[in-house]
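The following briefing goes through a single protein chain by topic, and is best read with the structure open alongside.

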Amino acid sequence: MIKTGSVELTVREHDRTRTFLLLHGGGGVPTMAGFADLLAGRTRSRVLLPTHPGFSGTPKPDELATVTDLARTYVALLDQLDLTGVTVLGNSFGGWLAAEIALLNSPRVSSAVIVDAVGIEVAGHPITDVRGLSLPELQKLSWHDPAKAPQPPATGTGPSPDVLALLSYTGPAMSDPTLAERLSQVRIPVHVMWGASDGIADSAYGKAFAAAIPGATFTLLPGTGHLPQLETPEDLLAALLDLDGE
């Protein structure tokens, strides 16, 4: 547990040399934990994987009302840990959060990798409204091969606590009409990666996300959906290493 101001952060850490800050999406830390292990083990990097306040039963202070508020909290965390050269990688909601961190122009952040993000509005390519979907329907949209999707324990009806935490940051539309225009102010290298079979936000949406960021590159990942770090982690890692020529 790390306290940043009044915010208590649960942060899982692999302590090595190069630093990555991994940001999970609405499915919580389990959607990113395996990839964190893979990234740390294969690259011998320092990998930070925080639980967003409000997820997994963690407290969410009233001051964390927006995605930008949460982004400022993570920049403060990097300041507190005195880290530099940090690559921020986020998936889905975490991708939006990575973009907001990039917009804060922290000297501690050197680059961002945005994977199947939400957050912008793209005419003709809306984000799928997942609130009323059954688990099989959601898995069909999120996975290239839904048979690979893990089966979570049965829960009661209605949105899960993590979904409620997600919506408390994003609002029901899971987008910000100002974000696409604001992304023109990003000044660090950004790489946008997208699952070709993403049914939550399609590849045209991903290309629009990349186009909104000056100099951003776009990589389409075949044979995977909205959660490449879960469905095809080796392919995501290979694409990430290709960026550095490793």
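In this predicted model, Lys60 is placed over the face of Tyr169, at 4.6 Å from the ring centre. From that contact between a charge and a ring, the briefing passes to pairs of rings, then to the nonpolar cores, and finally to strands, loops and backbone angles.

**Aromatic pairs**

- The count of aromatic pairs comes to four, and one of them joins Trp194 and Tyr205, whose ring centres are 6.1 Å apart with the planes at 45 degrees, so the pair is tilted.
- This pair links distant parts of the chain, since Trp194 belongs to strand β7 (residues 190-195) and Tyr205 to helix α7 (residues 203-211), with their positions 11 residues apart in sequence.
- Trp194 counts as buried because its relative accessibility is 0%, under the limit of 20%, and Tyr205 is likewise buried, with a relative accessible area of 0%.
- Tyr205 also pairs with Phe209, the ring centres being 6.5 Å apart and the planes at 55 degrees, so this pair is tilted as well.
- Tyr205 and Phe209 are four residues apart in helix α7, and therefore about one helical turn separates them; both residues are buried.
- Taken together, Trp194, Tyr205 and Phe209 form one aromatic cluster.

**Nonpolar cores and helix α3**

- In soluble globular proteins, nonpolar side chains tend to be buried together.
- The largest nonpolar core here holds 53 residues, of which Tyr74, Ile101, Ile114, Leu183 and Phe209 touch the most other members.
- Helix α3 (residues 93-103) supplies the largest share of this core, with eight residues.
- A second, separate core has 22 residues, including Ala40, Val113, Leu236 and Leu240.
- Helix α3 is mostly covered, and 11 of its 11 residues are buried; among them are Trp96 and Phe93, but also Glu100 and the two glycines Gly94 and Gly95.
- Which residues does Leu183 contact, once its neighbours within four places in sequence are left aside? The partners of Leu183 are Ala99, Leu103, Ile120, Phe209, Ala212, Ile213 and Pro214.

**Ile120 and Ser142**

- Ile120 is located in the loop between β6 (109-115) and α4, and it counts as buried because its relative accessibility is 2%.
- Beyond its neighbours within four places in sequence, Ile120 is in contact with Ile127, Ser175, Asp176, Leu179, Ala180, Leu183, Tyr205, Ala208 and Phe209.
- Although Ile120 and Ala208 are 88 residues apart in sequence, their C-alpha atoms are 8.8 Å apart in space.
- Ser142 is part of helix α4 (residues 135-142), and is Ser142 buried or exposed? With 7% relative accessibility, Ser142 counts as buried.
- When neighbours within four places in sequence are left aside, the contacts of Ser142 are Ile200, Gly225, His226, Leu227 and Glu231.

**Strands β3 and β4**

- Strand β3 (residues 19-23) and β4 run parallel and are joined by three bridges, and in one of the pairings Phe20 has Val47 of β4 as its bridge partner.
- With helix α1 (residues 30-43), the strands β3 and β4 make a right-handed β-α-β unit.
- In a regular strand the side chains alternate between the two faces of the sheet.
- Strand β4 (residues 46-51) is mostly covered, with six of its six residues buried, and this applies to both faces, with Arg46, Leu48 and Pro50 on one side and Val47, Leu49 and Thr51 on the other.

**Positive phi outside glycine**

- Most residues other than glycine have a negative phi, and most peptide bonds are trans.
- Asn105, which is not a glycine, has a positive phi of about 55 degrees; Asn105 follows α3 and lies in the loop between α3 and β6.
- Asn105 is partly exposed because its relative accessible area is 46%, a value between the limits of 20% and 50%.
- Met174 is not a glycine either, and has a positive phi of about 50 degrees; this residue is found in the loop between α5 (161-170) and α6 (179-182).
- Met174 counts as buried, with 10% relative accessibility.

Notes. Residues numbered from 1 in each chain as written. Predicted model: local features only at pLDDT ≥ 70, side-chain atom pairs only at ≥ 80, totals over all residues. Heavy atoms only, no water. Core = buried A, V, L, I, M, F, W, Y, C linked by side-chain atoms within 4.5 Å. Buried < 20%, exposed > 50% of the residue type's maximum accessible area, 1.4 Å probe, protein only. Contact = heavy atoms within 4.5 Å. Phe/Tyr/Trp six-rings, centres within 6.5 Å; stacked < 30°, edge-to-face > 60°. Lys NZ or Arg CZ within 6 Å of the ring centre and 35° of its normal. Pairing = 2+ DSSP bridges. Right-handed = clockwise from strand over helix to strand, strands pointing away.
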